[in-house]
There are 4 protein chains.
Amino acid sequence: MNSEEHQNDLGTQRIEAFSDGVFAIAVTLLIIEIGVPHLEGGQTLADALKELWPSYGAYVLSFLMIGIYWANHHFLFKLFTRTDHVFLMLNVFFLMCIAFLPFPTAVLGEYLRDSEQRDVAVSLYAIGLLLPAASWFSVWLCARSRGLIDEQLAPRYVRFLTLEYLFSNIFYASALAISFLNAWLALALVVGLTLLYLFPPRKAQYTNND
Amino acid sequence: MNSEEHQNDLGTQRIEAFSDGVFAIAVTLLIIEIGVPHLEGGQTLADALKELWPSYGAYVLSFLMIGIYWANHHFLFKLFTRTDHVFLMLNVFFLMCIAFLPFPTAVLGEYLRDSEQRDVAVSLYAIGLLLPAASWFSVWLCARSRGLIDEQLAPRYVRFLTLEYLFSNIFYASALAISFLNAWLALALVVGLTLLYLFPPRKAQYTNND
Amino acid sequence: MNSEEHQNDLGTQRIEAFSDGVFAIAVTLLIIEIGVPHLEGGQTLADALKELWPSYGAYVLSFLMIGIYWANHHFLFKLFTRTDHVFLMLNVFFLMCIAFLPFPTAVLGEYLRDSEQRDVAVSLYAIGLLLPAASWFSVWLCARSRGLIDEQLAPRYVRFLTLEYLFSNIFYASALAISFLNAWLALALVVGLTLLYLFPPRKAQYTNND
Amino acid sequence: MNSEEHQNDLGTQRIEAFSDGVFAIAVTLLIIEIGVPHLEGGQTLADALKELWPSYGAYVLSFLMIGIYWANHHFLFKLFTRTDHVFLMLNVFFLMCIAFLPFPTAVLGEYLRDSEQRDVAVSLYAIGLLLPAASWFSVWLCARSRGLIDEQLAPRYVRFLTLEYLFSNIFYASALAISFLNAWLALALVVGLTLLYLFPPRKAQYTNND
């Protein structure tokens with residue numbers, strides 16, 4: 001091997017493999033947060049399992065969110081032609097936000113049925129969703145400003161993605177604000193956006209394809 | 001790289017790697033659900049460890065189930081020539097069902113010896129096995145209807161697999177129904193089917209091999 | 001792709017990747033079993049942390065054991081030229097035994113200082129080490145009898161490995177037997193053998209190298 | 001395949017994949033250590049979540065540390081041209097120290113607000129950071145003395161890295177010593193060094209590049 005070929009920057013492939021690991025573990029750890037119910041005072045197991053419905057719901061929602069981020073992460077990484085240290089560190093920060101999600105998920109599952117604490121639980125969950133959106137936006141802006149994006153990509157497609165990520169941040173920030181007023185409405189918004197993300201991402205457009 | 005080569009869909013390889021991660025983590029997390037026994041009222045550690053036998057059994061059964069799904073997942077993915085977004089999302093949904101299994105496993109381990117709650121624990125476990133079977137069936141039907149399956153595959157082999165997955169769903173649904181009548185019988189059926197799946201899958205047949 | 005090339009058996013590479021995942025997760029989960037101490041009755045954190053020494057020791061021992069199995073697993077898989085379904089299922093069974101190790105490790109950490117329960121905790125730990133040794137031996141015997149081993153491997157080297165694995169099983173079975181008489185002696189034996197395994201495996205010998 | 005090509009040593013790639021797994025799991029497990037708060041005596045969820053700030057801080061710090069080690073591990077492994085058994089075992093020992101970090105992190109999160117136990121919690125955390133630094137230094141010294149490092153690497157660059165790792169050990173040992181005098185100062189030092197490591201590593205220099 002020619003020493004000229006030695007690279008100091010990790011290729012996108014290595015970062016993708018590590019990110020995949022974090023996505024896969026974060027998503028699988030979610031179930032650990034649903035503890036086996038301990039029956040108290042004549043409660044039946046059937047009742048105890050039914051009362052866990054907020055935990056099941058939070059599990060499904062967070063699993064979908066991380067799964068969607070995983071799919072989009074790969075989709076996006078195909079648009080990057082190289083990486084640098086700042087990009088790498090922002091990606092670690094993004095993964096830190098993804099790996100944090102099981103905590104707000106567990107809190108939401110535990111306190112959604114508690115009318116006094118519900119607002120705070122939903123606020124925390126909205127923060128838990130805003131954090132990956134915001135850190136992902138920073139990864140994207142970094143890649144854009146540092147020229148890491150495939151130059152063949154159509155400028156209007158790059159603008160489209162920037163707007164999409166910006167919108168996503170505004171949306172989760174709004175859900176956070178609304179959670180102080182009406183927890184159920186905030187939750188409905190969050191569920192709605194997640195369902196929206198189940199649709200396929202817009203096909204990448206290249207300048208020489210125009 | 002020619003921009004024509006850019007793909008918006010994840011290759012099967014990427015999905016397999018992510019799925020492998022979830023399989024490996026789900027299977028290894030099972031042991032976390034068996035807590036270290038805390039001795040109460042003069043109980044010996046030997047007795048406490050013996051009383052955990054339903055947890056050991058549930059561990060073995062669920063480990064085998066996920067291990068078998070892992071092997072079959074790879075076997076099946078060799079038959080797919082391409083993927084699309086719906087297929088990807090259904091696969092995420094399938095993994096969500098696989099990652100859920102540690103919860104019913106833990107509940108079964110904890111409540112199998114409790115004659116009053118046993119039925120519900122076995123019902124939940126049957127649901128825990130029906131969910132991956134049903135979601136896997138949906139992955140298969142999606143791949144079949146959207147033309148993602150290798151076209152060289154013999155039609156009767158495709159029909160054979162469809163029937164096999166359908167049968168598997170009927171079987172777990174029956175085990176669920178029976179669990180309301182007799183928990184032990186339902187459990188025996190589930191163990192029996194798992195043992196059946198230890199046999200090798202039928203060799204794939206191709207049209208030009210006939 | 002020629003349809004003749006389609007294979008129904010997983011290559012060794014795929015099994016290695018899955019096994020690597022289970023090894024990496026099992027080894028990293030070990031720390032989860034050491035709970036943060038809760039101080040009771042004027043106990044200081046320093047004292048509470050010191051009292052956890054059996055947990056630290058068990059962590060180191062089990063981490064080394066799984067790490068050694070990981071290294072040996074790769075070493076051995078280079079000697080296999082193909083796989084089949086029985087081999088695959090025995091490998092899943094071996095991984096089940098590896099993934100079980102965090103449980104006896106946690107029990108040993110919790111009960112080693114308890115003179116009344118120590119014997120049982122050490123017996124369980126010896127079982128926890130015997131299980132992977134025995135299941136690995138079955139993987140090896142299966143590979144040998146079904147002709148999955150590289151045919152160029154020198155017969156006396158194959159015999160050497162068979163004897164080594166047999167010895168390892170006898171050793172852990174002896175440690176188990178001794179644990180009923182003297183827990184400390186059994187533990188010392190187990191630690192000693194682990195240290196022995198830190199030495200490099202004997203270089204593979206091939207017939208045309210003679 | 002020519003039997004001459006059979007290797008007894010694992011390539012760096014295999015070790016990197018396993019190490020990546022441990023890094024990814026250790027980093028994602030950190031969140032598990034932050035338990036869902038249980039409200040006592042009229043405490044609100046908002047207050048309980050705010051009181052967890054040391055846990056959030058410890059989570060961020062440990063995530064960054066492991067993330068930085070991950071990035072550096074890859075950077076370094078590009079400088080190694082081969083491996084041997086001692087190197088492999090020292091790498092397993094290094095991973096053991098990385099995988100241990102969630103425990104001191106959890107203890108720090110739980111006891112940082114407790115003025116009586118704070119010193120010990122910070123001391124343990126400093127040990128938790130010293131261990132990977134020391135074991136990584138041993139991996140490096142082993143690679144250097146056994147000739148595993150790329151021979152084209154400029155000697156003064158090798159000296160630079162040796163000094164950098166030595167400094168890092170002295171630093172964490174100092175933080176440990178200071179933690180017995182002033183916990184906050186020790187913690188500030190540790191945070192400062194972590195921030196320092198966020199800067200990119202010095203570009204590798206090769207003799208024929210001079």
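In the predicted model, helix α3 (residues 53-77) of chain B packs against helix α5 (residues 102-111) of chain B, their axes coming within 7 Å and crossing at roughly 155 degrees. Because angles over 145 degrees count as roughly antiparallel, α3(B) is roughly antiparallel to α5(B). The crossing in which α3(B) passes α5(B) is right-handed. On the α3(B) side, the residues that meet α5(B) are B:P54, B:S55, B:A58, B:Y59 and B:S62. Their counterparts in α5(B) are B:T105, B:L108 and B:G109. By class, the residues of this contact between α3(B) and α5(B) comprise 4 nonpolar and 4 polar, with no charged residue.

Between chains, 30 residues of chain A are in contact with 30 residues of chain B. Three helices of chain A, namely α1 (12-29), α2 (45-51) and α3 (53-77), each contribute at least two residues to the side that touches chain B. Of the elements on that side of chain A, α3(A) accounts for the largest share, with 7 residues. In composition, the side of chain A that touches chain B consists of 19 nonpolar, 8 polar and 3 charged residues.

The arrangement of the copies was examined by superposition. A turn of 90 degrees, with a shift of 0.0 Å along the axis, lays chain A on chain B with an RMSD of 0.0 Å. Chains A and B are therefore related as by a four-fold rotation axis. The surfaces used by these two copies are different, and 10% of the contact residues of chain A recur in chain B.

For chain A and chain D, the superposition likewise gives an RMSD of 0.0 Å, again with a turn of 90 degrees and a shift of 0.0 Å along the axis. Only 10% of the interface residues of chain A are also interface residues in chain D, so these copies meet through different surfaces.

The remaining chain pairs considered here are not in contact. Chain A and chain C are joined by no contact, and their closest C-alpha atoms lie 9 Å apart. Chain B and chain D do not touch either, with their nearest C-alpha atoms 9 Å apart.

Conventions:
Residues numbered from 1 in each chain as written. Chains lettered and ligands numbered in written order. Predicted model: local features only at pLDDT ≥ 70, side-chain atom pairs only at ≥ 80, totals over all residues. Axes fitted to C-alpha atoms, helices over the stretch in contact; angles between N-to-C directions. Helix = DSSP H or I, 4+ residues; strand = E, 2+ residues; numbered from the N terminus. Parallel < 35°, antiparallel > 145°, perpendicular 65-115°, else oblique. Left-handed = near helix turned anticlockwise from the far one by under 90°. Contact = placed C-beta atoms within 7 Å. Nonpolar A, V, L, I, M, F, W, Y, C, P; charged D, E, K, R; others polar. Least-squares fit on C-alpha atoms with pLDDT ≥ 70 in both.
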